[in-house]
Amino acid sequence: MPSLPSVAERFVRYVRIDTQSDPDSAATPSTEKQKDLSRLLERELQALDIEAGMDGFGYVYARLPSTLDPETAARTPVLGLVAHVDTSPDEPGGPVRPLVHENYQGGVIALADGVTLDPTRQPALLDHLGHDLITSDGTTLLGSDDKAGVAVIMQLAEDLRDDPAPRPELRLLFTVDEEIGRGVDRLDVERFGADAAYTVDGGAVGEISAETFNAAEATVTVEGVTVHPGYAKGVLVNAVTVLAEFIGGLPADEAPDTTEQREGYFYPHTISPGGTGRAAVKILLRDFADEGMARRKAFIQNLADEVAARHPGATIRVAFEDSYRNMLRYIEETDARTVGFAVAAARAVGIEPVLKLVRGGTDGARLSERGIPTPNLFTGGHDFHSRFEWNTVQNLQSTLEYVKALVRHWGEHGRR
Ligand SMILES: [Zn+2]
């Protein structure tokens with residue numbers, strides 16, 4: 001292993017620690033081994049004389065005081081930086097043996113088990129000629145998602161500890177079980193104490209995400225009339241066929257497999273129960289716009305009414321449950337500067353910002369909903385949750401430089 005700059009040295013040290021989460025466990029953390037990294041982070045922060053503590057769930061909370069004069073500090077939001085210690089359960093999670101491939105020149109990199117990094121399949125590699133690539137040995141994922149965010153925040157803490165440059169009070173937070181959708185379930189929001197925050201958990205350098213889907217689920221239930229099929233003429237109303245007709249009425253060009261970018265969709269994903277007397281389907285509705293979500297709900301209701309009208313004797317019930325809302329709404333209602341500052345800080349360090357839509361939910365969306373506006377920032381990582389996942393030494397350094405600039409931007413401009 002070549003000698004590495006400190007943020008990359010931290011990164012390769014942290015990825016070696018297996019912190020894979022487990023969706024089949026109901027405990028928090030879902031796997032005790034996540035605490036192996038949490039405990040190390042707590043120890044390393046305390047060794048730097050930074051106030052830090054791990055709770056019983058494996059969350060690590062830390063704080064760095066502001067360098068601003070007390071009056072300005074009091075009027076500047078307390079800023080949170082968040083990363084998750086766990087890695088995805090989708091691929092083997094450990095032991096991770098990180099490899100550094102110096103001065104990448106654009107070819108195919110062969111790892112173990114026939115796993116390759118191949119620019120024809122992963123074109124982003126070609127934007128990184130001359131970089132020092134970091135991968136696993138091919139037998140596991142790398143875990144740049146989100147050890148990159150962890151390493152960047154930890155290095156930032158060390159570098160800023162004695163740095164007099166303007167900064168608001170910082171709250172650092174390392175969460176568990178993000179990959180299984182429970183990253184903020186057990187979060188002590190009071191203890192976190194941030195007024196605005198960022199998750200450092202994104203992709204390509206420059207990408208900033210402040211928009212997620214609006215998400216709801218529709219349950220459409222058909223009640224039929226059952227009778228012996230041999231003597232059913234004019235009597236049977238088959239809930240299975242009526243439900244099939246309903247599902248067939250969903251627009252094929254508004255499905256997950258036919259949409260991208262800002263387009264929303266209908267996603268029928270589970271049929272249960274599925275009998276002739278009663279059959280039901282669950283449909284995910286996704287749309288970035290509030291009006292779009294309203295339109296989708298109306299579409300489902302109208303389709304149900306139309307199908308029911310064609311089948312006297314059948315009853316069709318429709319129920320909606322809202323899951324989460326586009327986080328941009330909450331960000332704009334609390335502190336929209338989180339987005340503008342993230343963009344400005346990128347330009348300040350010569351990185352072209354790209355506002356990217358998240359076609360899903362994030363922990364930041366749930367924090368935003370709870371009153372802490374939390375866009376997501378890039379980490380330089382690519383091809384998450386795979387054995388050909390990669391990041392680069394240079395991307396880690398760029399991310400660190402960027403997050404420092406963002407903290408400074410809040411120090412200089414964050415006063416209300
Ligand atoms: Zn992540």
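# Reading the zinc site and its surroundings

User: What spacing do the donors of the zinc ion follow along the chain?
Analyst: The pattern is H-x60-D-x55-D. A donor here is an N, O or S atom within 2.8 Å of the metal (3.2 Å for Na, K and Ca), and water is not among the atoms, so a site may look incomplete. The protein donors are H84 (NE2), D145 (OD), D201 (OD) and D201 (OD), at 1.9 to 2.6 Å from the zinc ion.

User: Before we go on, what am I looking at?
Analyst: It's a predicted model, where local features need pLDDT of at least 70 and side-chain atom pairs count only at pLDDT 80 or more, while totals for chains, interfaces and linings use all residues. Residues are numbered from 1 along each chain as its sequence is written, and side-chain values use heavy atoms, with hydrogens and water left out.

User: How do I read the angles subtended by the 4 donor atoms around the zinc ion?
Analyst: Ideal angles are 109.5 degrees for four tetrahedral donors. To count as tetrahedral, four donors need all angles between 85 and 135 degrees; four count as square planar and six as octahedral if opposite donors are over 155 degrees apart and all others between 65 and 115; anything else is irregular. In this site the angles run from 54 to 144 degrees, which makes the arrangement irregular.

User: Which parts of the chain hold D145 and D201?
Analyst: Helices (H or I, at least four residues) and strands (E, at least two) are DSSP runs, numbered from the N terminus. D145 sits in helix α4 (residues 144-161) and D201 in the loop between β9 (196-200) and β10 (207-212), so the pair ties together parts that are 56 residues apart in sequence. A cis peptide bond also joins D145 and D146, with omega about 5 degrees.

User: Are D145 and D201 buried or exposed?
Analyst: Go by relative accessible area: buried means under 20%, exposed over 50%, and partly exposed in between (1.4 Å probe, protein chains only). D145 and D201 are both buried. Across the protein, buried residues make up 54% of the 416 residues.

User: What about β10, just after that loop?
Analyst: 5 of the 6 residues of β10 are buried, so the rest of the structure largely encloses this strand. Two strands pair if DSSP finds at least two bridges between them. β10 pairs with β15 (residues 354-358) in the parallel sense over 4 bridges, and with β16 (residues 376-377) in the antiparallel sense over 2 bridges. E211 has L357 as its bridge partner in β15, while I208 has L377 in β16.

User: Which residues in the largest nonpolar core touch the most other members?
Analyst: A nonpolar core is a set of buried Ala, Val, Leu, Ile, Met, Phe, Trp, Tyr and Cys residues joined through side-chain atoms within 4.5 Å. This one has 71 residues, and L45, F174 and Y402 touch the most other members. Contact means heavy atoms within 4.5 Å. Leaving aside neighbours within four places in sequence, F174 contacts residues including L41, L45, V150 and M154.

User: Which residue has an odd backbone angle?
Analyst: Try D49, whose phi is near 65 degrees, a positive value in a residue other than glycine. D49 is in the loop between α2 and β1 (51-54) and is exposed, at 71% relative accessible area. H385 also has a positive phi, near 60 degrees, but counts as partly exposed at 28% relative accessibility.
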